Amino acid sequence: MAEEAHAGATSRTERKALEKAKILQRESERNIFRLVGQVLKKPEAERSEEEASVLLLHRDAVEELCKRQVRRNVLKRKQEELFDDAEELKSKVRQLAVAVKQANHLVVYTGAGISTAASIPDYRGPNGVWTQLQKGRTVSSSDLSKAEPTLTHMCIRTLHKENLVKHVVSQNCDGLHLRSGLPRHTLSELHGNMFIEVCTSCSPVREYVRLFDVTERTSLHRHGTGRRCSHCGDELRDTIVHFGERGTLEQPLNWKGAAEAARMADVILCLGSSLKVLKKYACLWCMNRPASKRPKLFIVNLQWTPKDDLATLKVHGKCDDVMRLLMEELNLQIPVYDKVDDPIFSLATPVRPEEVKSHTREVITPPHELEEVSYAPTEQADNVTSVQGGWFGRGYSKGRKKKKKA
Ligand SMILES: [Zn+2]
């Protein structure tokens, strides 16, 4: 018994000594890196003999620090927003117009960059949601329900009407494609739609389109909206694929439509997406085919994307600017969004009387009620606090941690 205790003590002492040695070694490595780093910062000509010999002595540290610097530079360059000058932009859009006219099956992929003009921040731009959350800041979503389809949304709708665009695959949850008048079957909203809640107990899945953001109570792995299906009484869920999740709903995300569209596509136009998430969905890129048999890629984005090297053309411009020029080239009128034509009002199911107070998010006002509303000061206008989360980032940090572990 005493012996055992003694052995335990020895091994504990040994472990401690080992730990200590490790700590000392790490400390010494840190010192070397600090020293080498300081020397490397100096221009070569200004280094003393002693400093030069430090570099010779610690070649591994020099190599590692140089690698890190390269990585940092690449990262910085990838985050920068670039703008083509007016001439270049025009000439690129002319090329794009030719491709649009010649395409047999043009599919459009859209990201947050097409909604920034509707004052919905993008994800990875300098003020994007992702960028802000990375820095530990919160993101306000107070005026998201006020967002309306942008010029780009309206152009895409027109291009579809003109039979130039066959399908739209969107990462955006803001519902603006739908509200622009794009038919539902033409649209795959891969990450859901903030205005749609569904009952998955009903078969087929029963959809409830609402005139407000249904996601205020939902977050990562918590999809219940608190309202109930009027047919079976089960709790409704949002359709949002939150940060860190994989979409499992077939409907209304319409993955099938997206995969089918990609299979048929000969031209893919990517608008305002960093493509960092979309690139992970192999079926969207026909990567199982040889490069020459894949759809031609046209990318409109201010920042670098992982598909840039594969693109036929990369346009550095704001989506609205590019689309305005494109429509000019194609000789097409750009319709202005008119609430009267917004399909969401005819698609929407009113909430049941007992559920009117089940949410605090602002309701999109139907056009015929607009006049009355404008006379009465609305309560909501006064207490527009910065609402957090729902589809807009809540649960993000949880998702991050999980990802890192994996
Ligand atoms: Zn149901």
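**Exercise 1.** Determine whether H191 is buried, partly exposed or exposed in this predicted model.

*Solution.* Step 1: count the neighbours; H191 has 19 other C-beta atoms within 10 Å. Step 2: apply the cut-offs, under which a residue is buried with 20 or more such atoms and exposed with 12 or fewer. Step 3: H191 is therefore partly exposed.

**Exercise 2.** Place H191 in the chain, list its contacts and state what the record says of it.

*Solution.* Step 1: H191 belongs to the loop that runs between strand 3 and strand 4 (196–199). Step 2: set aside the neighbours within four places in sequence; the contacts of H191 are then Q171, C173, I240, V241 and G247. Step 3: an unreviewed UniProt entry gives H191 the feature "active site".

**Exercise 3.** Work out the strand order of the open sheet and find its edges.

*Solution.* Step 1: the sheet has six strands, ordered 3-2-1-8-9-10, with parallel pairing. Step 2: strand 3 (187–189) and strand 10 (313–315) each pair on one side only, and these are the edge strands. Step 3: on average, neighbouring strands are turned by 15° against each other, direction ignored. Step 4: for one pair in detail, take strand 1 (residues 106–110) and strand 2 (residues 165–170), which are joined in the parallel sense over five bridges. Within strand 2, V169 is the bridge partner of Y109.

**Exercise 4.** Identify which strands helix 4 and helix 8 touch as they pack on the sheet.

*Solution.* Step 1: helix 4 (residues 86–102) touches strand 1, strand 8 (267–271), strand 9 (296–300) and strand 10. The direction of helix 4 makes about 130° with that of strand 10. Step 2: helix 8 (residues 255–264) touches strand 1, strand 2 and strand 3. Its direction makes about 130° with that of strand 2.

**Exercise 5.** Explain why helix 6 (residues 151–161) is described as largely enclosed by the rest of the structure.

*Solution.* Step 1: 10 of the 11 residues of helix 6 are buried, so the description holds. Step 2: among the buried residues are L151, M154, R157 and H160. Step 3: the buried residues of helix 6 pack against strand 1, strand 2, helix 7 (176–179), strand 8 and helix 9 (319–330). Step 4: just after helix 6, N163 has a positive phi of about 65°.

**Exercise 6.** Compare the annotation "coiled-coil region" with the model over residues 72–106.

*Solution.* Step 1: the annotation comes from an unreviewed UniProt entry and covers residues 72–106. Step 2: in the model this span is 71% helix and 3% strand. Step 3: its end C-alpha atoms lie 37 Å apart.

Conventions. Residues numbered from 1 in each chain as written. Predicted model: local features only at pLDDT ≥ 70, side-chain atom pairs only at ≥ 80, totals over all residues. UniProt positions renumbered as here; feature names shortened; annotations may be inferred. Helix = DSSP H or I, 4+ residues; strand = E, 2+ residues; numbered from the N terminus. Pairing = 2+ DSSP bridges. Axes fitted to C-alpha atoms, helices over the stretch in contact; angles between N-to-C directions. Contact = placed C-beta atoms within 7 Å.
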